[in-house]
Amino acid sequence: MTEDRDRDALVELMSRYANMADTKNWDELPSSVLCDEFFCDFSSLGTPAGTLTRDAWCQGAKRVFAGWTATHHSITNHRIAVDGDRATIRAHIRAEHWAPPEVAAGGPNCWLVVGFYDNVSVRTPEGWRLSSVTLTATYQENAALFAASMAAATD
């Protein structure tokens, strides 16, 4: 029974992770998702991997997601292995990011990212939290919208 509860909690953890960006809830959700410090690897999208504080990551994520009209992150097909107070989670990701008209400039308005998350979670007194997040993007459409959105967010 504990194994089922852990699995349910870890799937819920990944759902909260996706909801941070989609709801732009950077105040309440991050503390229920991320360790105070965690390893983050989005190098498949061209950003450097490294250990960050949750607060630093949230500040960066706010800037990144501010440039999108809407986003939708579907995290599915969870493969979870629990070993005591540590768990690995491999899941599929399909992330859609819609650009505002001024960024899309009459062209495609959705940046699509498809791939996998290979995450590590640890059991804390407050519940499961992500200690490592690794995204491997295997396919993208309209990736130029990411750079355009970032440029618009810093203007």
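Trainee: What area does the chain expose, and which atoms supply 52% of it?

Mentor: The chain exposes about 8,100 Å², and carbon and sulfur atoms supply 52% of that area. Accessible areas come from the Shrake-Rupley method with a 1.4 Å probe. The model is predicted: local features need pLDDT of at least 70, side-chain atom pairs count only at pLDDT 80 or more, and totals for chains, interfaces and linings use all residues. Residues are numbered from 1 along each chain as its sequence is written, and side-chain values use heavy atoms, with hydrogens and water left out.

Trainee: Why does the radius of gyration of the chain agree with a compact globule?

Mentor: The rule for a globule is 2.2 Å times the number of residues to the power 0.38, taken over C-alpha atoms. For 155 residues this gives a value near 15 Å, and the chain has 16 Å, so the two agree.

Trainee: What percentage of the residues count as buried?

Mentor: Buried means under 20% relative accessible area (1.4 Å probe, protein chains only). Of the 155 residues, 40% count as buried.

Trainee: What makes β1 and β6 a pair?

Mentor: Two strands pair if DSSP finds at least two bridges between them. Strands are DSSP runs of E, at least two residues, numbered from the N terminus. Four bridges join β1 (residues 34-41) to β6 (residues 127-141), so the two are paired, and they run parallel.

Trainee: Which strand runs antiparallel to β1?

Mentor: That is β2 (residues 50-53), joined to β1 by four bridges. Phe 39 stands opposite Ser 132 in β6, and its bridge partner in β2 is Thr 51.

Notes: Buried means under 20% relative accessible area, exposed over 50%, partly exposed in between (1.4 Å probe, protein chains only).
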